[in-house]
Each structure stands twice: as C-alpha cells, then as structure tokens.
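Here's a quick tour for anyone meeting this structure for the first time. Have a look at the sequence and the 3D view, then use the notes below to find your way around.

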Amino acid sequence: MKEYIDTGKKDTRSGFGAGLTELGKSHPDVVALCADLTGSLKMDEFKANHPERFFQVGIAEANMIGLAAGLTIGGKIPFTGTFANFSTGRVYDQIRQSVAYSHKNVKICASHAGLTLGEDGATHQILEDIGLMKMLPGMTVINPCDYNQTKAATIAIADHQGPVYLRFGRPSVPNFTPSDEPFVIGKAITLTSGEDVTIVATGHLVWEALEAAKTLSAQGISAEVINMHTIKPLDSECLLKSVTKTGCVVTAEEHNYLGGLGESVARELSQNHPAPQEFVATEDTFGESGTPAQLMEKYGLNAAAIVAKALKVISRK
Amino acid sequence: MPNINALEDLVIQVRRDILRQVHKVNSGHPGGSLGCAEFFVALFQQVMQRNDGFDMNGHGEDLFFLSNGHISPVFYSVLARSGYFPIEELSTFRLLNSRLQGHPTTHEGLPGVRVASGSLGQGISVATGAALVKKLNQDPHLVYTLCGDGELQEGQNWEAIMYAASNQVDNLIVTVDYNGQQIDGSLDDVLSLGNLRAKFEAFGWLVIEIQDGNDLNSVISGLKSAKEHTGKGKPICVLMHTVMGNGVDFMMHTHAWHGKAPNDDQLTLALAQNPETLGDY
C-alpha cells in the first residue's frame, strides 16, 4: 500500500492564508473581505501587502456577502473570510440571491468548520454547511484535506468563473499531500489502490482514512482511499470506477450525514451502481465543547470509526 | 437630451406599461411601481451617464441597482424604453420562459439588470460593493440604488449604511422611496422608522429630501443636487417622498394596491386617466 508521510502538522486555514498571499501577487483583481476575524482566517499578510484590496467589514456578514457580490461588478474576484457558521447559515439568503442566483464570481472561504473548532462549542461548530452550499444551483463546494491542498485549492478557485464555497478548519493536522500537486476542481484523487472497500473521504477525514487503510491492511483487507476534495461537482467517474471494483463504500466527513458528501455519493451509486454504503459522519446532532480529538472520538469521526464501518460494509456485500 | 414635456409623456406611458403588465398576468406590484415612475424616468433619461448597450461590468458609466425588486414593472418599462431590450418584450412579464421574471434577475440575461433582487434589504450592500470597485478602478462614475422605505426594516441595510459612511463611500447615492406604506399597512402601524433623516445623518450620511417625488422637475433637481454632493467624503441618501399608486386616483394614498393587479374595469378606468402618449407595446 502506498505510504503517505506527515511532513509536519499544520492548520488548513494557514494554507488558505498562504494561498491568498500568493494570489495577492499573481492576481491583481483578487480582493479580500473579512468580518472581524482577520487573524483567525490568516488573512493578515494579504491585508499588509494590499491594504487597498482588503475590506474589513466588521461583524456584519450579510453586508459582507452583498459587498462581495457588488465587487464582482467591475471585474474583481472577491474572497470573503469568516467562520463556516457565519459564512453559510447566517447569510444563506444573501448568498442565494446576490451571489448564486446572480451568478457572481464570489469565493466564500470558511474556516473553523465542523467539530474540530473545539472548545467554543456547538454555536460555532457548523455541521450543515456542505449541505446548505451544495443545494445552491451553480455553487462549487470544496473541502481540502491539509495545508498544501488548501493552499492549492485557494489559488485554483481564483481562476474558476463562478461562486465557490471553500471549507477548511482550525486544528493542526498532518500535512501530507505534495506541495507541488496542482488542484483540479472536481477531480478526485485516488490515494491508495485497493480491492475490498472504497473509502471516500473529504477534509480532515482524509488522513484518518489513510490511517484506517493501514489498520485494515494489517488485517489483510485492501482499501482504496479516495480524496474527494470537491463535493460538488462530484467526481462520479472516479467513484464509480472504484466501487465497481470493490463493491462497497464508506464515506467519511466532518459533517452531518444529512446533506453531506455521503448523501452525494449515495445518490450517485443508487442511480448508477447500487452498492452497500456506510457513513462516517455526525448523526443529525449538534456538537459540544471539548478538544478536537475528544470530539472526533465521541462523535465517531476518526480512523477507528472508519475501520469499524469498513468491516461492517464489507460484511454486507 | 429630451425636453421636459417629452419626459412627462414618457412618465404617462410608463404608468400605462406598469398597469398593462400587471393586469395581463393578474399579479405583480403596481402601487410602488407607479409611485416611482418619475424617479426612473429622471434617473435613466436625465441623471445617469449611461453607455450604449449593456456590459455587466459597467466600466466608464453610472450604475443602478434596484433593491426593492418587486417594483419590477416600472424598472422593466423604463429599461425597455431606454433601449436596453425591445419594448414588445414587456408583454412577456411574469410569463413562463420570459426574461422579465416577477422580480428582476440576471439569471435570464436581461440587459440592464446587474443583480437579482426581491428578497429585501440586499441592494445597498451590493451597490456599495460596486461603488468600491469604481474607486479601485479609478472610474469617476457613480452608483445609484433605490430601496423601499419598508425595506429599511431589514437589518442588513443598516450594516451597509454603517459601512458606507465609515469607509467614505462618497460615490454612492441611495434613494429611499418614502411612501410610508407597506403590505400590512402604513409603516407607522407596522414598524415605524422613526426619524429616518436623523437616522441616516447619525450614521454619517448626507441627506437630501425631495418633497414631491412625483413631480418630475423636483426629482430631476433633487437627484442633480445629490450628484453635486458626491465626492465629499459622505455617501448620499435621497429621501424621496412619493405617493404609492400615483397617477391612478383610486390606487393612491393606500397600501391596497401594493401587490394587487387591477381587473378589466379597473384597468380601463386607470388607463383613461393616463392617455396613451408614446404608444403602447
């Protein structure tokens, strides 16, 4: 099985910040907006380099989305930054009407997604954002897995015409994807080749899926791990090719099973290649305070949970 | 530049367009549309600097955003009669497969529309963003938006109003259609705006009032005065006092025609008060 090396833990939000810094140099039309979370979103460097292209909007997310929509008229490429909760649920109607329905080229960049926000608790731990965003016609939804991939995705979405939801997080997690790997929107990456089960993971769960594959391998089970960094549009070709071979799938995400990656995979399989599926996701619940590791353990979002679901889904074949 | 008589004729024709659009599909919002006929004619025919044709980015021209999208009949009529799309297309208002959706949208590619509106309270934010681009691009042109008075009950407006003043967005002119009516009744009965002028001034805006927003000359001079005050560090608010349903006696001074179309007899009566000038579509 192909091995992946953790080159040192880093937070995905810093990948976003680094990508934005590069865009500042390479893309003069990129502008950034932030709702009083510049440090948390790692937007300080862009702000320092390009003060005239940075808009501090205060704690006023609805206005931020409207401003961003307006900034596209005249050719700018706005990147908005705040926590995932305030990037989606709080401003859903603004995104729906002023951005998605109006076809505005706004990049909604959301940090602190999911349970791994940690101690702040459920008010800030959105587990519904992928669902909210993927339901909007024309919206691209991306959840990269580590620092390098988040940086690459940030750079890639600037050249994509249309609204994008880019989801990342707060904790330091293994950084293992190649730093020079180009990010192709909608093109999943098969990380390990396997015969017995497909594990389709997104975001922080991709590393956990690789860890799970190692454990399964020790038990003589070969798992094919797919990094489904783009949830919409879903790479159905990659998914179907793998599941046709393995005959079953586990989906893994830091999100409610309702509305998430798992549902998108289930729809694709039910229409084109029905196969047993198990979900590693939160079970229609809010989160709570705790450390990221404690929360991922309690809510069943780690390598051990993926292994258990893999064994279960294989038994259902 | 058309003379004032020609513009008065256009206002009457726009009223006919509004009435005929909503009557045909028995839906839509004639009240607020009629109240803003003079404003749209003044803005598009006398005040804004517009390029020929339509380019979404609007480089080198003034821009307009309609925030209270439900008054689409007046917007569509004036867009068509200002050359953005064929006047005959007004006959497709709210019909299946039409570019003239119930509320304006960019989705169907209708020239003249730069953002969807209808869900209220979003226009000032979008217009402010577009005004920021003008500054970034060193384009000296202005950004105009119209919002309803009832619409100001939406909180997002006040986020935008705070932002625009705080950041000296002084190439932005927000006009408020101050007719005092909303769907459930008068503003004062539903949710009073209190002293609206004082509110805008307290937020740091320069406020200009047009006492008779249904007098074409007053609207033109009010908007021109607003224009003269741009570029001085403050966004401009024009409080434009209008009468909902203006130009049709039985529709005036009431909220009853906010979102109701006239029946056949009522249409005949209403059109008789506004005889054809430039020709119906």
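## Getting your bearings

Chain B comes with a mean pLDDT of 97, and 100% of its residues reach 70 or more. Keep in mind that this is a predicted model. For the complex, the predictor gives an ipTM of 0.96 and a pTM of 0.97.

**Chain B as a whole**

- You'll find 10 helices and seven strands in chain B.
- Measuring along the principal axes, the C-alpha trace of chain B spans about 50 × 45 × 35 Å.
- A compact globule of 281 residues would have a radius of gyration near 19 Å, and the 17 Å of chain B agrees with that.
- Buried residues account for 52% of the 281 residues in chain B.
- Take the contacts in chain B between residues at least 6 apart in sequence: 76% of them join residues at least 24 apart.

**The sheet in chain B**

- Chain B has an open sheet of five strands, in the order E1-E2-E3-E7-E6, and the pairing is parallel.
- At the edges sit E1 and strand E6 (206-210) of chain B, each pairing on one side only.
- On average, neighbouring strands of this sheet are turned by 20 degrees against each other, direction ignored.
- Start at E1(B), residues 63-66: Leu63(B) and Phe65(B) point one way, Phe64(B) and Leu66(B) point the other way, and all are buried.
- That fits a general pattern: in a regular strand, side chains alternate between the two faces of the sheet.
- Next door, strand E2 (residues 143-148) of chain B runs parallel to E1(B) and is joined to it by four bridges. One pair to look for is Leu63(B) with its bridge partner in E2(B), Val143(B).
- E2(B) also pairs with strand E3 (residues 172-178) of chain B, in the parallel sense and over six bridges. Here Cys147(B) stands opposite Val176(B) in E3(B).

**Where the two chains meet**

- Chain B puts 28 residues into the contact, and chain A puts in 22 residues.
- On the side of chain B that touches chain A, the elements giving two or more residues are helix H5 (123-136) and helix H6 (155-166) of chain B.
- H5(B) supplies the largest share of that side, with 10 residues.
- Sorted by type, the residues of chain B's side come to 11 nonpolar, 14 polar and three charged.

**The sheet in chain A**

- Chain A has an open sheet of five strands too, with the order E9-E11-E10-E13-E14 and mixed pairing.
- Strand E9 (189-192) and strand E14 (277-282) of chain A are at the edges with a single partner strand each, so one side of each has no neighbour in the sheet.
- Neighbouring strands of this chain A sheet are turned by 25 degrees against each other on average, direction ignored.
- Strand E10 (residues 197-201) and strand E11 (residues 223-227) of chain A run parallel, joined by five bridges. Among the paired residues, Ile199(A) has Val225(A) in E11(A) as its bridge partner.

**Helices in chain A**

- Helix H9 (residues 236-246) of chain A lies across E9, E10, E11 and strand E13 (249-256) of chain A, at about 150 degrees to E10(A).
- Helix H10 (residues 261-272) of chain A lies across E10, E13 and E14 of chain A, at about 145 degrees to E13(A).
- Helix H3 (residues 61-71) of chain A is mostly covered, with 11 of its 11 residues buried. Those buried residues include Glu61(A), Met64(A) and Leu71(A).

Note on methods:
Residues numbered from 1 in each chain as written. Chains lettered and ligands numbered in written order. Predicted model: local features only at pLDDT ≥ 70, side-chain atom pairs only at ≥ 80, totals over all residues. Buried ≥ 20, exposed ≤ 12 C-beta atoms within 10 Å, placed from the backbone. Pairing = 2+ DSSP bridges. Rg over C-alpha atoms; globule rule 2.2 N^0.38 Å. Contact = placed C-beta atoms within 7 Å. Nonpolar A, V, L, I, M, F, W, Y, C, P; charged D, E, K, R; others polar. Axes fitted to C-alpha atoms, helices over the stretch in contact; angles between N-to-C directions. pLDDT = per-residue confidence, 0-100.
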